[in-house]
Number of protein chains: 2
Amino acid sequence: MISPQQLESVLHTEIPITQAMQIAVKSCSDKEVTLVAPLEPNINHKQTAFGGSLYSVAVLSGWSMTYLLLERLGVEAQIVIHQSEIDYLAPVAATIEAHCELSSDIDIEKFNKLMQRKGRARLKLKSRIVSEGKTAVEFDGVYVCIGH
Amino acid sequence: MISPQQLESVLHTEIPITQAMQIAVKSCSDKEVTLVAPLEPNINHKQTAFGGSLYSVAVLSGWSMTYLLLERLGVEAQIVIHQSEIDYLAPVAATIEAHCELSSDIDIEKFNKLMQRKGRARLKLKSRIVSEGKTAVEFDGVYVCIGH
């Protein structure tokens with residue numbers, strides 16, 4: 001199982017702008033990923049988090065969840081964000097914290113079979129950013145995995 | 001009328017992470033905004049642009065279009081991204097270039113009246129990122145303007 005430190009190193013190496021955003025992995029497991037980023041490098045003129053940074057932390061929480069699933073299944077594949085929707089419900093005026101869970105609705109066996117047979121499968125994941133106890137951002141992403 | 005240099009300075013001051021992304025204003029007018037960002041600071045492990053950077057350049061092209069409209073109308077307001085959808089149609093392996101036009105479908109008079117009467121109005125804008133002659137990203141954003 002990959003540790004938060006290992007996942008963080010993957011993010012910083014594969015997507016260097018995550019270093020400027022100071023994105024860190026708070027926790028990760030088979031079932032969930034929580035990424036954090038401090039407000040200061042991601043701030044806007046309203047002293048809240050820039051919408052593009054909120055998007056980046058959210059999309060990477062789903063990317064990371066997908067990465068961990070592929071590792072667990074022993075599948076080598078590239079992960080590409082294909083489509084997403086984001087709703088900004090409230091401003092974030094503190095640390096950005098994005099959480100993604102591998103919902104029990106997801107048919108992992110089917111996903112794995114598609115990867116084996118077709119070398120390609122998609123994963124729909126929801127992420128949310130919670131700030132001061134309430135949901136500030138809802139994010140839906142469709143990730144496509146393409147085998148080598 | 002605001003020059004590309006002035007708009008770029010607004011972006012870099014109001015949203016400092018745009019400096020790390022090296023976002024620049026290629027052109028701007030009453031009718032359109034084109035933002036660019038080099039691939040290198042926004043690259044991912046596939047040697048193409050990170051989806052979060054593509055999103056940021058797209059959302060800021062719409063933000064800038066809204067900013068220019070408010071300036072033209074002489075309205076002081078904050079601009080907040082409320083909701084958006086993004087479709088990634090093809091990878092971007094060169095300079096990111098996001099283009100937003102103020103569509104003739106937009107009822108500017110109605111927008112202005114709402115700002116005057118209610119101090120609040122929304123604007124739906126489309127942005128696209130073109131790479132090597134074809135559309136690589138389609139972006140739809142809903143921006144809310146809130147008067148002071």
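Helices and strands are here DSSP runs, a helix having at least four residues and a strand at least two, and both are numbered from the N terminus. With that in mind, note that the structure on screen is a predicted model, and begin the tour by selecting A:Leu123, which is found in strand S5 of chain A, residues 120-131.

**First stop: A:Leu123**

Is A:Leu123 buried, or is it exposed? A:Leu123 counts as buried because it has 20 C-beta neighbours inside 10 Å, and 20 is the number from which a residue is called buried. To see some of what surrounds A:Leu123, leave aside the neighbours within four places in sequence and select A:Thr66, A:Ile106, A:Phe111, A:Tyr143 and A:Cys145, with which it is in contact. For a sense of distance, add A:Ile17, which lies 106 residues from A:Leu123 in sequence and 24 Å from it in space, C-alpha to C-alpha.

**Second stop: along strand S5 of chain A**

Now extend the selection to the whole of S5(A) and show its side chains, which alternate between two faces. A:Ala121, A:Leu123, A:Leu125, A:Ser127, A:Ile129 and A:Ser131 point to one face and are buried, whereas A:Arg120, A:Arg122, A:Lys124, A:Lys126, A:Arg128 and A:Val130 point to the other face and are not buried.

Which strands pair with S5(A)? One is strand S4 of chain A, residues 96-101, which pairs with S5(A) in the antiparallel sense over three bridges; to find a place where they face each other, select A:His99, which stands opposite A:Arg128. Another is strand S6 of chain A, residues 134-147, which pairs with S5(A), again in the antiparallel sense, over twelve bridges, and here A:Lys126 of S5(A) can be picked out opposite A:Asp140 in S6(A). Follow the backbone from S5(A) into S6(A) and you pass through a hairpin with two residues between the strands, where A:Glu132 in the turn has a positive phi of about 50 degrees.

**Third stop: helix H3 of chain A**

Next select residues 51-73 of chain A, which make up helix H3. At 1.5 Å a residue, the 23 residues of this helix should span 33 Å, and the end C-alpha atoms are indeed 33 Å apart, so expectation and model agree. Of these 23 residues, 20 are buried, which means that H3(A) is largely enclosed by the rest of the structure. Step just past the end of the helix to A:Gly74, which follows H3(A) and has a positive phi, near 70 degrees.

**Fourth stop: the whole of chain A**

Zoom out until all of chain A is in view, with its four helices and six strands, which follow the pattern α-α-β-β-α-β-β-α-β-β when read along the sequence. The radius of gyration of chain A is 15 Å, close to the 15 Å given by the globule rule for 148 residues, so the chain is as compact as a globular protein of that length. Along its principal axes, the C-alpha trace spans about 50 × 30 × 20 Å. Among the 148 residues of chain A, 41% count as buried, and of the contacts in this chain with a separation of 6 or more, 69% are between residues 24 or more positions apart.

**Fifth stop: where chain B meets chain A**

Bring chain B into view and select the contact between the chains, which takes 29 residues from chain B and 29 residues from chain A. On the side of chain B that touches chain A, helix H2 (17-20), helix H3 (51-73) and strand S3 (77-88) each supply at least two residues, and the largest share, nine residues, comes from S3(B). The residues on this side of chain B divide into 14 nonpolar, eleven polar and four charged.

Keep S3(B) selected and add strand S3 of chain A, residues 77-88, for the two strands run antiparallel and are joined by five bridges. One place to look is A:Asp87, whose bridge partner in S3(B) is B:Gln83.

**Last stop: the rotation axis**

How is chain B related to chain A? Chain B can be laid on chain A with an RMSD of 0.0 Å by a turn of 180 degrees and a shift of 0.0 Å along the axis, which is the relation of a two-fold axis. To locate the axis, select B:Glu85, which of the residues of chain B comes closest to it, at 2.2 Å (C-alpha). Finally, 100% of the interface residues of chain B are also interface residues in chain A, so the copies meet through the same surface.

Technical notes
Residues numbered from 1 in each chain as written. Chains lettered and ligands numbered in written order. Predicted model: local features only at pLDDT ≥ 70, side-chain atom pairs only at ≥ 80, totals over all residues. Buried ≥ 20, exposed ≤ 12 C-beta atoms within 10 Å, placed from the backbone. Contact = placed C-beta atoms within 7 Å. Least-squares fit on C-alpha atoms with pLDDT ≥ 70 in both. Rg over C-alpha atoms; globule rule 2.2 N^0.38 Å. Nonpolar A, V, L, I, M, F, W, Y, C, P; charged D, E, K, R; others polar. Pairing = 2+ DSSP bridges. Expected span 1.5 Å × (residues − 1).
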